[in-house]
Amino acid sequence: MHDLVAKLLRGQTFRQWLVEFIQFCTVGLGSYVVDVGLFNFLAYSGAIHLPWDAPMVAKTLSVFVSIIFSWVVNRMWTFHNKSDKSRGREFVLFLAINIGGLLIALGCLGFSRYILGLDSQLADNISANIVGLVLGTAFRYVCYRYLVFTKAPQS
């Protein structure tokens, strides 16, 4: 059990991991504000007319803007000095993982809208910005920690 915990902590103390996790959650909160604010502005303000299904397009756009925000802040703060990848390679991995998170959020939104028939602003926000966000955040944290912001093992 001790070996498993040590492997999961990747050389950090529990306190160091906790600080990292709190920083990740703080960045996530900022990304959430960007994502949800932009989503609601684009989908429901009437200031911009989006093609096709406005909430689906708005969610896609808001997630991509929040991805860029999240990568910059996570790279500079949460996971600084924890990656030996080039910034380009790191960003491509980060983007791929966030596309996975986007698909989770869109899957929740699509399920709510097209399977359950719930298409109100409240239902869209619950499915995309609460259920999708929780599932996507768990997915992203694990992938960031073990795939994106990593260094090659030292021999």
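Ala, Val, Leu, Ile, Met, Phe, Trp, Tyr, Cys and Pro are counted here as nonpolar, Asp, Glu, Lys and Arg as charged, and the others, Gly among them, as polar. With that convention, the 25 residues that line the largest pocket divide into eleven nonpolar, eleven polar and three charged. The structure is a predicted model, and every value below is computed from it.

**Overall fold**

The protein chain has five helices and zero strands, and from the N terminus on its elements run α-α-α-α-α. Taken along the principal axes, the C-alpha atoms of the protein chain fill a box of roughly 55 × 35 × 20 Å.

**Two helices and their spans**

How far apart the ends of a helix lie can be set against the span expected at 1.5 Å a residue, and the table does this for helix 2 and helix 5.

| Helix | Number of residues | Expected span | Distance between end C-alpha atoms |
|---|---|---|---|
| Helix 2 | 31 residues | 45 Å | 43 Å |
| Helix 5 | 28 residues | 40 Å | 34 Å |

For helix 2, the distance between the end C-alpha atoms agrees with the expected span, and just after this helix Gly-46 takes a positive phi of about 80°. Helix 5, which covers residues 121–148, falls short of the length that a straight helix would reach, and a bend of about 40° is found in helix 5 at Leu-133.

**The largest pocket**

Rolling a probe the size of a water molecule over the atoms shows where empty space is left. In the largest pocket this space amounts to about 340 Å³. The elements that give two or more residues to its lining are helix 2 (14–44), helix 3 (54–78), helix 4 (87–115) and helix 5. Which element gives the largest share of the lining? Helix 5 does, with eight residues. Leu-133, where helix 5 bends, is one of the residues that lie nearest the centre of the pocket, together with Gly-28, Ser-31, Thr-137 and Arg-140.

**The packing of helix 3 and helix 4**

Two packed helices are described by the angle between their axes and the distance between the axes. Helix 3 and helix 4 pack at an angle of about 145°, with 9 Å between their axes, and their crossing is right-handed. The residues of the contact between helix 3 and helix 4 divide into 16 nonpolar, five polar and five charged.

Technical notes
Residues numbered from 1 in each chain as written. Predicted model: local features only at pLDDT ≥ 70, side-chain atom pairs only at ≥ 80, totals over all residues. Heavy atoms only, no water. Helix = DSSP H or I, 4+ residues; strand = E, 2+ residues; numbered from the N terminus. Expected span 1.5 Å × (residues − 1). Bend = angle between axes of the 7 residues up to and from the residue. 1 Å grid on protein atoms, 1.4 Å probe; cavity = no way out; pocket = protein on both sides within 12 Å on 5 of 7 lines; lining within 4 Å. Points joined across faces, edges and corners; volume = space filled by probe spheres on them. Axes fitted to C-alpha atoms, helices over the stretch in contact; angles between N-to-C directions. Left-handed = near helix turned anticlockwise from the far one by under 90°.
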